[in-house]
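User: Please walk me through how to read the features of this model, one at a time.

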Amino acid sequence: MIHNEDNPNVVLIDMDNTIADLEKWAAAGYSLRYGKELPIERLDFEFPPEIDKELKVVLKQPRFYYDMPPIEGAVEAILEMHKEGWDIFFCTSPLSDYEHCVPEKYAWIEKHFGREWTKKIIVTKDKTLVRGRYLIDDHPSPRGNFKPHWTHIVFDQSYNRQGSTQNSKKRIREWKHWRSVLSNK
Ligand SMILES: [Mg+2]
């Protein structure tokens with residue numbers, strides 16, 4: 001699609017912990033592998049290094065990304081958004097050990113949305129390089145090389161509720177309420 005002007009309807013949507021329930025799936029995989037609970041403490045969004053190292057082993061397993069369950073209401077909400085005129089792109093940062101993660105993210109989108117939707121996937125470690133009106137993302141403060149073009153809408157998770165900047169941002173607490181945040185077209 002070619003526009004002479006910026007398309008005002010582009011919405012970028014993160015995958016992990018925004019539409020795909022990595023948190024739940026990782027906790028299950030972690031306790032299965034290590035016989036202990038995944039600790040809930042995080043340091044500024046990231047897990048402590050020793051936990052992160054163990055967790056990465058779980059995340060790198062074949063089928064980990066493919067089998068991850070969607071977050072409740074996410075698929076339905078995105079199909080509704082699409083139907084109501086928003087141009088959706090999935091904007092996702094892969095594991096650096098990408099071997100299973102990246103193709104399985106494509107396969108996951110195909111499984112839940114259909115193959116056409118795999119054309120809407122943007123894989124990047126720096127989401128500030130991507131343009132759009134909104135970025136819906138659970139990360140409390142997505143940063144990169146540029147001042148973001150998009151407005152960040154926080155997808156609510158327990159670990160992103162703290163911090164001074166969080167109060168001023170719009171927030172989606174549950175996908176079924178997406179219209180109350182994206183209503184001002
Ligand atoms: Mg995320």
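**Cavity, pocket, metal, core and loops**

Analyst: Start with the largest cavity: five nonpolar, no polar and three charged residues form its lining. Ala, Val, Leu, Ile, Met, Phe, Trp, Tyr, Cys and Pro count as nonpolar, Asp, Glu, Lys and Arg as charged, and the others, Gly among them, as polar. This is a predicted model, so local features need pLDDT of at least 70 and side-chain atom pairs pLDDT 80 or more, while totals for chains, interfaces and linings use all residues. Residues are numbered from 1 along each chain as its sequence is written, and side-chain values use heavy atoms, without hydrogens or water.

User: Which residues line the largest cavity?

Analyst: M15, D16, A20, Y65, M68, E104, K105 and W108. The volume is about 40 Å³. The search of the whole structure found one cavity of 30 Å³ or more. On a 1 Å grid over the protein atoms alone, a cavity is a set of points where a 1.4 Å probe fits but cannot get out; a pocket is an open set with protein on both sides within 12 Å along at least five of seven lines; lining residues have an atom within 4 Å of a point. Points join across faces, edges and corners, and volume is the space filled by probe spheres set on them.

User: What is the volume of the largest pocket, and which residues lie nearest its centre?

Analyst: The largest pocket has about 790 Å³. Its lining has 29 residues, with D16, F45, E46, S93 and H139 nearest the centre. By class, 14 are charged, nine nonpolar and six polar. Helix α2 supplies the largest share, four residues. Helices (H or I, at least four residues) and strands (E, at least two) are DSSP runs, numbered from the N terminus.

User: D16 lines the cavity and sits by the pocket centre. Which protein atoms bind the magnesium ion?

Analyst: Donors are N, O and S atoms within 2.8 Å of the metal (3.2 Å for Na, K and Ca); water is absent, so sites may look incomplete. Here they are D14 (OD), D16 (O) and D138 (OD), at 2.1 to 2.2 Å. Their spacing along the chain is D-x1-D-x121-D. D14 and D16 are both buried (under 20% relative accessible area; exposed is over 50%, partly exposed in between; 1.4 Å probe, protein chains only).

User: How many residues are in the largest nonpolar core?

Analyst: A nonpolar core joins buried Ala, Val, Leu, Ile, Met, Phe, Trp, Tyr and Cys residues through side-chain atoms within 4.5 Å. The largest here has 42 residues; I19, M81, I136 and W175 have the most contacts inside it. Elements giving two or more residues include β1 (10–13), α1 (22–34), α3 (74–83) and β5 (151–155). The top contributor is α3, with five. A second, separate core of six residues includes C91, V130, L135 and W150. Back in the largest core, M81 touches V11, I13, W86, I88, I136, W175, W178 and L182 (heavy atoms within 4.5 Å), not counting residues up to four places away in sequence.

User: Which residues have a positive phi?

Analyst: Most residues other than glycine have a negative phi. N17 and R63 are among the exceptions, near 65° and about 75°. N17 lies in the β1–α1 loop and is buried, at 5% relative accessible area. R63 lies between α2 and α3 and is partly exposed, at 46%.

User: Is K125 buried or exposed?

Analyst: Exposed, at 55%. K125 lies in the loop between β3 (121–123) and β4. Beyond residues up to four places away in sequence, K125 touches S93, P94, L95 and S96.
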